[in-house]
2 protein chains.
Amino acid sequence: MSQPRAARHDRVTVELSAAIVAASPAGPSVLTVRRRHEGPSGLPSGPLEAEHRTLEAGLRRRVEDQTGQQLGHVEQLYTFGDRDRAADPGGEAGCRALSIGYLALVREARPAGSAEGEWHGWYGHFPWEDRREGRPPLLDRLERRLLDWAEAAAGAAERRLRRERLAATFAVGGEGWIEDRVLERYELLYEAGMVPEARRDESDTPPDPGAEGLPMMADHRRILATAIGRLRGKIKYRPIVFELMPPAFTFLQLQQTVEGLAGIRLHKPNFRRLVEQQGLVEETGAMSPETGGRPARLLRFRPEVLLERPAPGLRLPRPRPPA
Amino acid sequence: MSQPRAARHDRVTVELSAAIVAASPAGPSVLTVRRRHEGPSGLPSGPLEAEHRTLEAGLRRRVEDQTGQQLGHVEQLYTFGDRDRAADPGGEAGCRALSIGYLALVREARPAGSAEGEWHGWYGHFPWEDRREGRPPLLDRLERRLLDWAEAAAGAAERRLRRERLAATFAVGGEGWIEDRVLERYELLYEAGMVPEARRDESDTPPDPGAEGLPMMADHRRILATAIGRLRGKIKYRPIVFELMPPAFTFLQLQQTVEGLAGIRLHKPNFRRLVEQQGLVEETGAMSPETGGRPARLLRFRPEVLLERPAPGLRLPRPRPPA
DNA sequence: CGCATAAATACTCATTTCGAGTATAAGGAG
DNA sequence: CTCCTTATACTCGAAATGAGTATTTATGCG
């Protein structure tokens with residue numbers, strides 16, 4: 001594989017985008033920017049520039065300059081390059097558009113710096129992902145449309161495949177919603193034409209606007225879906241939640257933050273036991289400026305856990321299936 | 001972040017590379033190609049071309065055409081773009097070189113098709129990653145040099161940081177080798193100047209050639225490290241090993257394949273129990289053309305498990321630390 | 001044939017982990 | 001003082017897990 005060195009200089013544009021996430025006990029949010037008037041919002045993003053040593057450094061600088069947000073943890077998610085889902089629909093034809101998505105975590109949601117940025121609860125974009133109050137009712141409608149889509153498949157094989165994907169992602173007709181499969185669910189909705197981004201013709205009226213979630217420009221909702229999925233997966237084996245917490249916090253704040261990220265409710269005593277016996281936190285000595293009942297101890301992250309445990313994280317208790 | 005649309009067309013080259021992995025009970029191997037005579041080998045790779053709809057499709061076609069290998073599972077790993085670790089050192093200055101790494105799994109290692117490809121045991125490139133026969137002796141020498149490097153750090157803070165990284169990756173001075181951290185270990189060796197790729201001046205003689213592993217061209221060993229790490233992590237929650245197994249196999253073959261991938265030995269009865277009660281396999285009915293003792297049942301993967309279990313995989317038994 | 005050898009396969013056992021539920025403590029508001 | 005709210009502490013049983021041992025069923029050799 002070492003031939004036409006010429007083809008190498010096909011024109012390529014590279015866009016770096018970041019899903020910048022903050023979280024409070026009320027729920028996680030993401031920083032969005034609005035570009036054209038009226039168009040859907042998007043993630044902070046910009047073209048790759050030559051001057052930076054690494055991609056991550058470039059992204060970091062760019063976002064920090066533009067939004068006034070200091071980024072904490074930053075990680076690369078995925079490089080998208082589908083020809084027909086270009087990041088920039090205004091790009092020239094025959095020009096490959098790559099889009100490299102990043103996840104960034106920040107401790108506090110600054111009230112949106114100088115730019116036109118604003119913080120948005122992430123479930124506004126993914127209403128079907130929030131099961132904290134139980135299974136959201138809009139899922140019934142989504143499922144019905146998804147099943148129709150599956151049955152409308154061309155051959156029997158394709159039909160079967162679609163049904164299986166539905167079972168594996170939306171848990172249609174089966175047990176077990178798996179919270180990490182955010183991207184898979186979004187992609188299914190995209191393929192089924194059930195999100196505005198998938199419908200080229202903008203005049204198409206969505207059959208059920210409330211259930212589709214707020215769209216974003218270009219492939220930004222796809223990147224956000226990747227980010228949510230990654231974060232949900234990663235809290236289980238890395239103490240990454242603490243990148244989102246203030247320096248000191250209570251058990252309840254921690255639990256509610258995790259619940260917000262994972263989109264599910266957790267069993268309080270067990271969560272507490274888990275966090276304690278994993279050695280993820282230590283007491284600061286101080287007590288919380290209480291919020292209702294008995295004052296709570298203030299905790300902080302215990303970095304030593306990184307050396308003690310192979311995969312220190314918050315395995316989320318999954319209810320046992322009834323035997 | 002929406003300004004200079006001009007800067008957008010900085011010249012960028014994009015190289016797609018694939019770590020193509022096959023595995024037998026004897027151990028995993030990777031397909032390498034040799035380009036220049038005498039230079040180190042590399043992964044199959046080539047420039048991104050405009051004609052393909054998706055990046056993955058492009059990679060797939062390209063590799064299949066060139067090596068005669070049908071690829072099974074393919075997944076994107078990471079996009080590297082450090083300016084000073086360019087994939088192609090021959091590239092023009094001021095031209096950003098992106099390198100998108102992929103992991104591909106194949107069922108059988110074809111004896112290297114038409115091209116100059118050859119299959120290589122992957123531990124030839126990462127001798128410190130193979131602990132199937134216990135801790136490899138060369139680790140003593142590596143550790144000593146790594147500790148020297150840590151102590152040679154500029155400030156006390158940097159020294160501490162380096163020591164912590166050593167503890168977290170090579171388990172220096174602590175418990176717990178974590179098999180997934182392949183990339184982190186390689187990067188540490190790179191930073192410490194302990195792999196040939198890191199030494200620009202090729203005339204430098206390595207202090208301990210045997211311990212450094214076979215180098216590869218450009219950033220290909222970095223991609224392979226990412227691939228190994230990803231694979232080791234993923235077998236724990238996805239039934240991905242079966243992409244590497246023949247259609248029918250015995251328990252022992254499966255176990256040895258997993259041991260090869262993870263680089264550790266497993267407890268036979270427990271491995272068996274795990275695989276059984278997870279419902280990962282079913283009997284084919286046939287028996288193996290035996291290999292020594294009592295004939296073994298032949299098994300096959302049981303795809304239904306994908307719908308039944310949230311994260312069907314092979315949690316590798318980690319010995320309990322002595323209380 | 002009978003026995004050593006090599007695997008495969010089947011159990012046992014003591015912990016540990018984990019889901020679930022209940023009980024008690026310590027504040028504030030009225 | 002009482003009630004409400006949240007924090008914190010315990011209990012219990014089921015399932016998972018690490019470690020070890022025993023039995024079966026082949027082969028091959030004397």
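Here is a friendly exchange about a predicted model of protein chains with DNA strands.

Biologist: Let's start with chain A: how many helices and strands are there?

Modeller: Happy to. Chain A has 323 residues, and 52% of them count as buried. Among its contacts between residues at least 6 apart in sequence, 67% join residues at least 24 apart. As for the elements, the count for chain A is 9 helices and 8 strands.

Biologist: On to the DNA: which residues are closest to DNA strand C?

Modeller: Both protein chains take part here. By class, the surface near DNA strand C has 9 nonpolar, 3 polar and 11 charged residues. That surface holds 23 residues, and the closest are Asn270(A), Arg273(A), Lys268(B), Arg272(B) and Arg297(B).

Biologist: What share of the atoms of DNA strand C within 4 Å of the protein belongs to sugar or phosphate?

Modeller: Some individual contacts help to picture this. Arg315(A) has a polar side-chain atom 3.4 Å from a phosphate oxygen of DNA strand C, while a base nitrogen of that strand is 3.1 Å from an N or O atom in the side chain of His267(A). Taking the atoms of the strand within 4 Å of the protein, bases make up the rest once sugar or phosphate has its share, which is 59%.

Biologist: How far is the polar side-chain atom of Lys268(B) from a phosphate oxygen of DNA strand C, and which elements give two or more residues to that surface?

Modeller: For Lys268(B), the separation from the phosphate oxygen is 2.8 Å. The elements that give two or more residues to the surface near DNA strand C are α8 (268-278) of chain A, along with α7 (251-262) and α8 (268-278) of chain B.

Biologist: Now for the other strand: which residues come nearest to DNA strand D?

Modeller: The surface near DNA strand D divides into 8 nonpolar, 5 polar and 11 charged residues. Of the 24 residues around the strand, the nearest are Lys268(A), Arg272(A), Asn270(B), Arg273(B) and Arg294(B). Of the atoms of DNA strand D that come within 4 Å of the protein, sugar and phosphate account for 63%. To repeat the names you wanted, they are Lys268(A), Arg272(A), Asn270(B), Arg273(B) and Arg294(B).

Biologist: Which elements give two or more residues to the surface near DNA strand D?

Modeller: Let's look at some arginines of chain B before naming them. A polar side-chain atom of Arg273(B) is 2.8 Å from a base nitrogen of DNA strand D, and an N or O atom in the side chain of Arg294(B) is 2.7 Å from a base oxygen. Arg315(B) has a side-chain N or O atom 3.1 Å from a phosphate oxygen of this strand. The elements asked for are α8 of chain A and α8 of chain B.

Biologist: Is Thr257(B) buried or exposed?

Modeller: Thr257(B) sits in helix α7 of chain B, and its side chain reaches the backbone oxygen of Gln253(B) at 2.7 Å. Leaving out residues up to four places away in sequence, Thr257(B) touches Ala23(B), Ser24(B), Pro25(B), Val241(B) and Met245(B). Its relative accessible area is 1%, under the 20% cut-off, so Thr257(B) is buried.

Biologist: One last pair: at roughly what angle do the axes of helix α3 and helix α4 of chain B cross?

Modeller: In this contact, Arg165(B), Leu166(B) and Thr169(B) of α3(B) meet Glu184(B), Arg185(B), Leu188(B) and Glu191(B) of α4(B). By class, that makes 2 nonpolar, 1 polar and 4 charged residues. The crossing is left-handed. The axes come within 10 Å, and they cross at roughly 145°.

Definitions and conventions: Residues are numbered from 1 along each chain as its sequence is written. Chains are lettered from A and ligands numbered from 1 in the order in which they are written. This is a predicted model: local features need pLDDT of at least 70, side-chain atom pairs count only at pLDDT 80 or more; totals for chains, interfaces and linings use all residues. Side-chain values use heavy atoms; hydrogens and water are left out. A residue is near a molecule or strand if one of its heavy atoms lies within 4 Å of it. A polar contact is a pair of N or O atoms within 3.5 Å; within protein, one must be able to donate a hydrogen and the other to accept it, and residues adjacent in sequence count only if both atoms are side-chain atoms. Helices (H or I, at least four residues) and strands (E, at least two) are DSSP runs, numbered from the N terminus. Ala, Val, Leu, Ile, Met, Phe, Trp, Tyr, Cys and Pro count as nonpolar, Asp, Glu, Lys and Arg as charged, and the others, Gly among them, as polar. Buried means under 20% relative accessible area, exposed over 50%, partly exposed in between (1.4 Å probe, protein chains only). Contact means heavy atoms within 4.5 Å. Axes are lines fitted to C-alpha atoms, for helices over the stretch in contact, and angles run from 0 to 180 degrees between N-to-C directions. A crossing is left-handed if the near helix is turned anticlockwise from the far one by less than a right angle, and right-handed if clockwise.
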